[in-house]
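Trainee: I would like to go through this model with you. Could we start with the ligand and then turn to the sheets?

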Amino acid sequence: MTRDPARRDEACGCPRLRAIVSRERRQLLPEREYPADPWRLVERRSMPAYRPQTETLFSTANGYLGIRATPEEGAPVHERGTYLNGFHETWPIPYAEEAHGFPRLGQTMLAVPDGTLLKLYVDDEPFELANARLLAFERVLDFRRGTLDRELHFETPDGRRLCLRSSRFASMDDRHLACIEYEVRMVRGTASVVVSSELVVPSEQPRSDGVDPRRTSEVGDPALAPTHHRTRGRRILMNLETRSSHLRMACAMDHVVEADGPLEVEEAECARDRGRVVFHADLAEGQRLRIVKLLAYHYSAEADAGELRFRTHRTLDRALRHGVEVLRGRHRARIDAYWRLADVEVVGDAEVQQALRFNLYQLLQACGRCEGHGVPAKGLTGLGYQGHYFWDTEIHVVPFLTYVLPHTARSLLDLRHRQLPLARLRAREVGERGALFPWRTINGEESSAYYAASTAQYHIDADVVYAADRYVALTGDVEFLSHGFVEIAVETARMWAGLGFYSPRKGGRFCINGVTGPDEYNTVVNNNAYTNLMARENLRIAVRLVDSLRVRAPEAFDRLVGATGLDVAELEEWTRAADRMYVPWDEEAGVHLQDDDFLDRELWDFDGSPKSAYPLLLHFHPLVIYRHQVVKQADLVLATFLLPDAFDREEKRRIFDYYDPLTTGDSSLSGCIQSIMAAELGYREQAYLYFTDALVMDLGDIGGNVRDGLHVAALGGTWMAVVHGFAGLRDRDGVLRFRPDLPDGWDRLRFRLAPKGGVLEVEMQPGQTIYRLLEGEALEIRHDDERVVLDARNPSRVVAASARKPK
Ligand code: BGC
């Protein structure tokens, strides 16, 4: 990933870029122990120094169930964690000073009973990974098989040798199921081998460290109360219940065991918060004990404990009937199908290739089977941001899903539709009409205590509508229009129409005051340009959708009127507000303003800010930050990407040139967007550096908080930086327009997109790009400005790269 240092240095205008180039290594993990491999993340030595991070990086998840990569033997551990998407506890938010409309309840995803435990005893001596004499060790997260595999050899103090193998996965086929295969083999000598397979209720939930607001917060212990347990053969089942959110769950484990030597299975024992089944085999040299441990989890707010037990038993019964080979095969088939569309192949840089596939695999793990739930900012890999869903989903994840996993995109948008009743209530709470989606949530209610960097981010409404509009245009799923989308568009347009006003002091333009844009370092500002432009888009989309529904589907239109009380006069109100939307601009500086007062603030002293001062949010009182020209994450620059027609090229350049040097990139959402716009503007070196920033956000622990979970927005953002950045894809009107520019040093970049049910492959090589229609109806695309038609007779076209304009 290292490139020409002279050219890199030249590119370094802004603090983030300086930080990127000054970092010696792009990868956190040393190459000797973690070698580059195109389809696997490999750990060749057990490395305690990286334990907090590798527990996250090697997680297994399927979008519903996630398990941190803690060892089967139970120790050593930084933070144990098995999570179910959306399974949370609520708690009263303590305010030192109350105000009207503050959210009352916080929400925190909970760690649920840990079923990974398979404790090993050799002649009754516990095997302790941290102290064992290891002869060989390898742990592999395999992106193609979808498994976390470990193989180690160790020697007992008296010279006997054993080999341990384990392989686990959270099934992509049955999302309630996880499976662990655990094998002990005597390599030298004989031994009595005991494995205690356990299911343990967490005795306490992870706590906030009191310093980093992004970490989890207090839910009070015990948040999860066991209500029932039972054993049946080698199976143990538990029911549990949260105290305040009134969610009920059931979890269970069962086993298939075989041994070459005599095998004894002790009767399963279970207490309130801990159950275990013990297996005992006397193994001679060369003999094995093999355990397949099956885990099932179900939860619900409606179903009672008995019903959840029923579901959990069914999951395990079916898994036992199929057997592990079938389970693995079905899991694998889902993963194969994913890679067929999702893979991005880079030839010419092995580290980039590995990191890209790691990110894409983690995206699958974050949302592959999240149906009915959202995508937590950290996926299911840790409790950072408390398991909350943010705008990250719509702006950084849904774009990828729209092209690669459209069903999942639809399910996430459907979730917003289901949240609409709560969003209506929330709008009333903050004195608005229509609906206001929560800035951060699990259950659909706003759950952030700090309004300046949450409730004030009204742009969430427009982000949802923007993502939904693109989804419909690119998938052709018009059914979603009348089943949810129009209603969302109407209620959000109403919110904007009520929030803003025509300001006489701004020439009667429509102004929106007292909001926070994406940049959380400038809060509660007037006329944040991103917000106003996205609100304008939201209003126009609402008008377009309602108009077309009225003409094309009168019945659906009547239903909409019934559901929302829509008065057609509102359309005029929205059109007027959109047409008269105020977009701040500074004549003297010749640049758009991020908000009305942005240029009046004092410049941040970047030269006087050492690397240790970042992220600023951990080192400065918010007010210090707020009174300076310093930007946390792409804000106006993001607007130039999302709304390319709102700016001409020169305006985009001015915006990038002005705001990029002020952007700290303290949010992981930023680098990918900066990369895309740098690529568009011909700033090739910056584009590449920002791309690597997003690419190794997790593998390089760029934010220093990977221990708390992955940065899912950056995972999606990496794909965007490749497809929208290097391939230059813009698709606003549903037409795919490419401006490919292959990074130096890459021999090939190849990816696939599935617009409207077809499959298009794009292969960029130095000097040319090949477009192949692999499936679907004729497709008309643009390469630079050239029209390219692909159809059954001419499914593939080679187009020469045009000379790039110098910057
Ligand atoms: C960013 C937000 C983002 C959140 C969750 C914050 O640091 O500023 O834009 O939604 O993280 O990823």
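Trainee: How far does a polar side-chain atom of Trp391 lie from an oxygen atom of the ligand?

Mentor: This is a predicted model, so take the distance as computed. Polar contacts are counted for N or O pairs within 3.5 Å. The polar side-chain atom of Trp391 meets that cut-off, with a ligand oxygen at 2.9 Å.

Trainee: Which residue has a polar side-chain atom 2.5 Å from an oxygen atom of the ligand?

Mentor: Start with Tyr385: an N or O atom of its side chain is 2.9 Å from a ligand oxygen. That is not the value you asked for. The 2.5 Å distance to a ligand oxygen belongs to a polar side-chain atom of Asp392.

Trainee: How much of the ligand's accessible area does the protein cover?

Mentor: Take the ligand on its own as the reference. It then has 310 Å² of accessible area. The share covered by the protein is 94%.

Trainee: How many charged residues are in the shell around the ligand?

Mentor: The surrounding residues include Asp392, Glu520 and Lys632. Ala377, Phe390, Trp439 and Leu669 are also among them. By class, six shell residues are nonpolar and two are polar, and the charged ones number three.

Trainee: Now the sheet of nine strands. Which strands stand at its edges?

Mentor: The sheet is open and antiparallel, with the order E1-E8-E9-E10-E11-E19-E15-E14-E13. An edge strand has a single partner, so one side of it is left without a neighbour in the sheet. That applies to E1 (40–43) and E13 (224–232).

Trainee: What is the bridge partner of Arg40 in E8?

Mentor: E1 pairs with E8 (residues 133–142) in the antiparallel sense. Four bridges join the two strands. In E8, the partner of Arg40 is Asp142.

Trainee: In the sheet of five strands, which residue of E33 stands opposite Arg772?

Mentor: This open antiparallel sheet has the order E20-E28-E29-E30-E33. Its edge strands are E20 (344–347) and E33 (796–800), each pairing on one side only. E30 (residues 768–775) runs antiparallel to E33, joined by five bridges. Opposite Arg772 in E33 is Ser796.

Trainee: Last, the hairpin of E31 and E32. Which turn residue has a positive phi?

Mentor: E31 (residues 779–783) and E32 (residues 786–790) pair antiparallel over five bridges. One of those pairs His783 with Glu786 in E32. Two residues lie between the strands. The turn residue with a positive phi, about 50 degrees, is Asp784.

Terms used
Residues are numbered from 1 along each chain as its sequence is written. This is a predicted model: local features need pLDDT of at least 70, side-chain atom pairs count only at pLDDT 80 or more; totals for chains, interfaces and linings use all residues. Side-chain values use heavy atoms; hydrogens and water are left out. A residue is near a molecule or strand if one of its heavy atoms lies within 4 Å of it. A polar contact is a pair of N or O atoms within 3.5 Å; within protein, one must be able to donate a hydrogen and the other to accept it, and residues adjacent in sequence count only if both atoms are side-chain atoms. Accessible areas come from the Shrake-Rupley method with a 1.4 Å probe; for residues, only the protein chains shown count as cover. Ala, Val, Leu, Ile, Met, Phe, Trp, Tyr, Cys and Pro count as nonpolar, Asp, Glu, Lys and Arg as charged, and the others, Gly among them, as polar. Two strands pair if DSSP finds at least two bridges between them.
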